[in-house]
Amino acid sequence: MKDFNPSFGPEIARTYDNSLRGDEADTVRFLAGFGKSALELAIGTGRIALPLKESGVAVDGVELSPDMVARMREKPGGADIDVTIGDMSRVGTDRTYDLVYLVYNTICNLLTQDDQVRCFENAARHLASDGVFVIESGLPTWAARPRHQFIDVESLEVDRVGFDVNRYDPVTQMLDENHVEISADGIRFSPIRQRLTYPAEFDLMARIAGLRLRDRWGGWNGEPFTADSRRHISVYEVAA
Ligand SMILES: C[S@@+](CC[C@H](N)C(=O)[O-])C[C@H]1O[C@@H](n2cnc3c(N)ncnc32)[C@H](O)[C@@H]1O
């Protein structure tokens with residue numbers, strides 16, 4: 001998908017919070033257990049950072065999109081969070097934290113293995129000696145689909161339809177995806193390009209960054225990670 005821009009623009013920033021995932025309270029409860037200071041990589045509109053700060057954790061952020069941060073600034077408490085604008089694999093703060101976290105599959109927005117490794121190294125640089133890096137990512141199932149290309153129906157009403165057009169390349173691990181909505185108002189495209197990564201590859205990235213796996217869960221409430229899990233929540237600590 002040529003000309004794809006990984007940073008979320010003004011239109012996405014405006015509508016991003018209209019369809020929350022519903023797991024925000026569970027995410028915050030899980031993350032708040034790791035200490036009193038946190039850095040969110042790809043903080044977005046503060047979907048997690050704002051309630052986490054509200055729960056008593058001092059949160060800083062890194063974010064590529066000034067539009068997403070501007071949206072966070074409009075919300076209560078959003079002006080009080082320090083955000084460094086830039087690429088989460090390269091920029092940060094001069095502080096260390098009890099917790100660095102990167103949720104909602106966003107590691108996959110880094111489109112090369114090198115950048116994903118660099119992101120682990122950047123997270124490790126910001127950890128206190130007993131700090132943890134928590135990452136949440138979906139499990140790629142696309143390789144199992146026939147011909148690695150498919151369309152999923154997302155909504156189907158009498159006056160509008162929404163569907164998702166996908167093409168996956170198992171060699172490069174790149175997924176090109178376009179959410180399409182058609183209604184009387186017109187056609188709306190929401191493209192996204194991701195490099196999908198499996199848990200074992202994340203563990204090697206962690207090792208390169210001087211981290212090691214402490215725990216892996218299948219959900220925010222300590223669900224076991226099994227062959228049926230749809231996502232993993234991995235907790236990495238500084239290797240001795
Ligand atoms: C799916 S949103 C997640 C936002 C927030 N973490 C949440 O859970 O709601 C992905 C975010 O990652 C940001 N992003 C994408 N690539 C990035 C990069 N290389 N460095 C920093 N932020 C990035 C986008 O601009 C967007 O705000």
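A residue is called buried if 20 or more other C-beta atoms lie within 10 Å of its own, exposed if 12 or fewer do, and partly exposed in between, with the C-beta atoms placed from the backbone. Let's try that on one residue: with 23 C-beta neighbours inside 10 Å, alanine 42 counts as buried. Keep in mind that you are looking at a predicted model, where local features need a pLDDT of at least 70, side-chain atom pairs count only at pLDDT 80 or more, and totals for chains, interfaces and linings use all residues. To find your way around, number the residues from 1 along each chain as its sequence is written.

Now step back to the whole chain. It has six helices and 11 strands; helices (H or I, at least four residues) and strands (E, at least two) are DSSP runs, numbered from the N terminus. The radius of gyration is 18 Å, close to the 18 Å that the globule rule gives for 240 residues, so the chain is as compact as a globular protein of that length. (That radius is taken over C-alpha atoms, and the rule is 2.2 Å times the number of residues to the power 0.38.) The C-alpha trace spans about 55 × 40 × 35 Å along its principal axes. Of the 240 residues, 32% are buried. Two residues are in contact if their C-beta atoms, placed from the backbone, lie within 7 Å. Among contacts between residues at least 6 apart in sequence, 58% join residues at least 24 apart.

Next, the sheets. Two strands pair if DSSP finds at least two bridges between them. One open sheet has seven strands in the order β3-β2-β1-β4-β5-β11-β10, with mixed pairing. Its edge strands are β3 (83-85) and β10 (211-217), each of which pairs on one side only. Neighbouring strands here are turned by 20° against each other on average, direction ignored. For such angles, axes are lines fitted to C-alpha atoms, for helices over the stretch in contact, and the angles run from 0 to 180 degrees between N-to-C directions.

Follow β5 (residues 127-138) in this sheet. Seven bridges join it to β11 (residues 231-238), and the two strands run antiparallel. Serine 137 stands opposite histidine 232 in β11, and glycine 138 stands opposite arginine 231 there. Helix α5 (residues 113-125) packs on the sheet, touching β1 (37-41), β4 (97-102), β5 and β10, and its direction makes about 145° with that of β5. Strand β11 also pairs with β10: six bridges join these antiparallel strands, and leucine 213 stands opposite tyrosine 236 in β11.

The other sheet to look at is an open one with four strands, in the order β6-β7-β8-β9, and its pairing is antiparallel. Strands β6 and β9 (186-195) stand at the edges with a single partner strand each, so one side of each is left without a neighbour in the sheet. The twist averages 15° from one strand to the next. Is β6 (residues 149-156) well covered or hardly covered? Hardly: the count of buried residues among its eight residues is zero. A hairpin through three residues joins β6 to β7. Seven bridges link β6 to β7 (residues 160-169), which run antiparallel, and leucine 156 stands opposite valine 161 in β7. Further along, β8 (residues 174-183) and β9 pair in the antiparallel sense over 10 bridges; the bridge partner of leucine 175 is glutamine 194 in β9.

Back to the loops, with one rule of thumb. Most residues other than glycine have a negative phi. Alanine 42 has a positive phi, near 65°, and sits in the loop between β1 and α3 (49-54). Asparagine 105 also has a positive phi, about 60°, although it is not a glycine. You'll find asparagine 105 in the loop between β4 and α5. With 16 C-beta neighbours inside 10 Å, asparagine 105 counts as partly exposed.

Alanine 42 turns up once more at the ligand. A residue is near a molecule if its C-beta atom, placed from the backbone, lies within 6 Å of it. Of the 20 residues around the ligand, Ala42, Gly44, Arg47, Leu64 and Ser65 come nearest. The shell divides into 12 nonpolar, five polar and three charged residues. Here Ala, Val, Leu, Ile, Met, Phe, Trp, Tyr, Cys and Pro count as nonpolar, Asp, Glu, Lys and Arg as charged, and the others, Gly among them, as polar.
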